[in-house]
Amino acid sequence: MKWNKGKPPEAGWYPAWRIRSPSWNNGWRWWDGECWSWAAFPHETAEKAGRWARNKEVKGHNSEIMWGTK
């Protein structure tokens, strides 16, 4: 996995974690083109992941999020 910082190239789900919360390294976040969502985790239902995607991360935390690509 290659970890990146900054804005992803397009909207979608990305493996992601906050620099200050490295223990949450298996989370996925929705990037809507402007802001990250709260983290969703593989053990959660799709309904719960959708709920987390509707909640936006605090703007000041967006710069702390690392997102992955294969």
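Let me begin with a definition: two strands pair if DSSP finds at least two bridges between them. The strands themselves, like the helices, are DSSP runs numbered from the N terminus, with at least two residues (E) for a strand and at least four (H or I) for a helix.

A word on the model, everyone: it is predicted, so to speak of a local feature I need pLDDT of at least 70, and side-chain atom pairs count only at pLDDT 80 or more, while totals for chains, interfaces and linings use all residues. Residues are numbered from 1 along each chain as its sequence is written, and side-chain values use heavy atoms, with hydrogens and water left out.

Let's start with β4. Which strands does β4 pair with? One is β1, in the antiparallel sense, over four bridges; there, K2 has T69 of β4 as its bridge partner. Another is β2, which also runs antiparallel to β4 and is joined to it by three bridges. On that side, A16 finds its bridge partner in W67 of β4. Is β4 covered or open? Mostly covered, with four of its five residues buried. By buried I mean under 20% relative accessible area; exposed is over 50%, and partly exposed is in between, with a 1.4 Å probe and protein chains only.

That brings us to the core. A nonpolar core here is a set of buried Ala, Val, Leu, Ile, Met, Phe, Trp, Tyr and Cys residues joined through side-chain atoms within 4.5 Å. The largest one has six residues, and you can pick them out in front of you: Y14, A16, W31, W36, I65 and W67. β2 and β4 each supply at least two residues of this core. So the bridge partners A16 and W67 both turn up again in the core.

Now the rings, which I enjoyed most. A pair of aromatic rings is described by the distance of the centres and the angle of the planes. Rings of Phe, Tyr and Trp (its six-membered ring) pair if their centres lie within 6.5 Å; planes under 30 degrees apart are stacked, over 60 edge-to-face, and the rest tilted. How many aromatic pairs does the structure hold? Six. One of them is W3 with W17, edge-to-face, at 5.9 Å centre to centre and 75 degrees between the planes. W3 sits in strand β1 (residues 2-5) and W17 in strand β2 (residues 12-18), so this pair ties together parts that are 14 residues apart in sequence. W3 is partly exposed, at a relative accessible area of 33%.

Y14 and W36 make another edge-to-face pair, with 6.0 Å between centres and 85 degrees between planes. Here Y14 is in strand β2, and W36 is in the loop between β3 (28-31) and α1 (46-54), so parts 22 residues apart in sequence are tied together. Y14 is buried at 10% relative accessible area, and W36 is buried at 1%. Ring pairs also link Y14, W31, W36 and W67 into a cluster.

On to the charges. A salt bridge is a side-chain nitrogen of Lys or Arg within 4 Å of a carboxyl oxygen of Asp or Glu, and the structure holds four. Take E64 and R18, whose closest N and O atoms are 2.8 Å apart. E64 is in the loop between α1 and β4 (65-69), R18 is in strand β2, and the two are 46 residues apart. Are they buried or exposed? Both E64 and R18 are buried.

K56 and D32 also meet in a salt bridge, at 3.4 Å, N to O. That one runs from the loop between α1 and β4 to the loop between β3 and α1, 24 residues apart. K56 is partly exposed at 36% relative accessibility, and D32 is partly exposed at 33%. Then there is E47 with R51, at 3.4 Å, N to O; both lie in helix α1, four residues apart, about one turn of the helix. E47 is exposed at 59%, whereas R51 is partly exposed at 36%.

One last residue for you: R29, in strand β3. R29 is buried, with a relative accessible area of 2%. Its side chain makes a polar contact with the side chain of E57 at 2.7 Å; a polar contact is a pair of N or O atoms within 3.5 Å, where, within protein, one must be able to donate a hydrogen and the other to accept it, and residues adjacent in sequence count only if both atoms are side-chain atoms. Thanks, everyone!
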